[in-house]
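Please open the structure in your viewer and keep the selection tool at hand. The tour goes from one selection to the next and says what is found at each stop.

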Amino acid sequence: MFLGVNWFGDSLDGTLARVRNRQRPRYGFYVDHIVDSFGAIFLIGGLGMSGYMTGTVAMVLIIAYFLLAIEIYLATYTIGVFRLSFGVWGPTELRIVLAIGSFVLLYKPLVTVAGRHYLLCDVSGVIAIIGLIGIAIINSIRNTIRLYREERLP
């Protein structure tokens, strides 16, 4: 339920500002992303303390999340491009996966991988960690090359 409230509020604020012609781009960018950061800490921290995800996986997941967030914010500042989606993955798709995962978790908190049992959230968390770090590395390389080309020394 709260995932839906978050989704609605996160989508509504910018749209409402545009419709009312009351946009404050820097303020909106800052507030939106600082609230998202606290939300990520509460969501992933809560998972880590819930018993559905081990603390180690939760800690590495939040680090990976913030690594990608830092890369996105640095790219926004240095290149002037704010990229929120990567391939088919954006905030909406992520919330859909989280919602589906929450329902699956109710019925199957453990999964079997290579004959061993693991927490569903640990397996999902490791997959997310690999994805987040992979995207951060790829974007870091692309942005570094772009900035190098744009700021060549004579």
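Begin by selecting Ile63, a residue that lies in helix H3, and keep in mind throughout that the model is a predicted one. Is Ile63 buried or exposed? With a relative accessibility of 53%, Ile63 counts as exposed, because the cut-off for that class is over 50%. Add Ile133 to the selection and draw a line between the two C-alpha atoms: Ile63 and Ile133 are 9.4 Å apart in space, although 70 residues separate them in sequence.

Next, select the whole of helix H3, residues 55–79, together with helix H5, residues 120–150. Two packed helices are described by the angle between their axes and by the distance between those axes. For H3 and H5 the angle is about 25 degrees, and the axes are 9 Å apart. Angles under 35 degrees count as roughly parallel, so H3 is roughly parallel to H5. If you turn the view so that one helix lies in front of the other, you can follow how H3 passes H5 in a left-handed crossing. Colouring the residues of this contact by class gives 17 nonpolar, five polar and three charged.

Now hide H5 and bring in helix H2, which covers residues 25–50. The axes of H2 and H3 come within 8 Å and cross at roughly 165 degrees; since angles over 145 degrees count as roughly antiparallel, H2 is roughly antiparallel to H3. The crossing of H2 and H3 is right-handed. To see the contact itself, select residues from both sides, including Phe29, His33, Ala40 and Ile44 of H2, and Ala58, Leu61, Tyr65 and Phe66 of H3. By class, the contact of H2 with H3 has 10 nonpolar residues, five polar residues and one charged residue.

For the following stop, show H2, H3 and H5 together and look for the largest nonpolar core, which has 18 residues. The residues with the most contacts inside this core are Ile44, Met53, Leu61, Leu68, Ile129 and Leu132. H2, H3 and H5 each supply at least two of the core residues, and H3 gives the most, with seven.

Finish by centring the view on Leu61. Which residues does Leu61 touch, if those up to four places away in sequence are not counted? They are Ile44, Met53, Gly125, Ala128, Ile129 and Leu132.

Technical notes. Residues are numbered from 1 along each chain as its sequence is written. This is a predicted model: local features need pLDDT of at least 70, side-chain atom pairs count only at pLDDT 80 or more; totals for chains, interfaces and linings use all residues. Side-chain values use heavy atoms; hydrogens and water are left out. Axes are lines fitted to C-alpha atoms, for helices over the stretch in contact, and angles run from 0 to 180 degrees between N-to-C directions. Helices (H or I, at least four residues) and strands (E, at least two) are DSSP runs, numbered from the N terminus. Angles under 35 degrees count as roughly parallel, over 145 as roughly antiparallel, 65 to 115 as roughly perpendicular and the rest as oblique. A crossing is left-handed if the near helix is turned anticlockwise from the far one by less than a right angle, and right-handed if clockwise. Ala, Val, Leu, Ile, Met, Phe, Trp, Tyr, Cys and Pro count as nonpolar, Asp, Glu, Lys and Arg as charged, and the others, Gly among them, as polar. A nonpolar core is a set of buried Ala, Val, Leu, Ile, Met, Phe, Trp, Tyr and Cys residues joined through side-chain atoms within 4.5 Å. Buried means under 20% relative accessible area, exposed over 50%, partly exposed in between (1.4 Å probe, protein chains only). Contact means heavy atoms within 4.5 Å.
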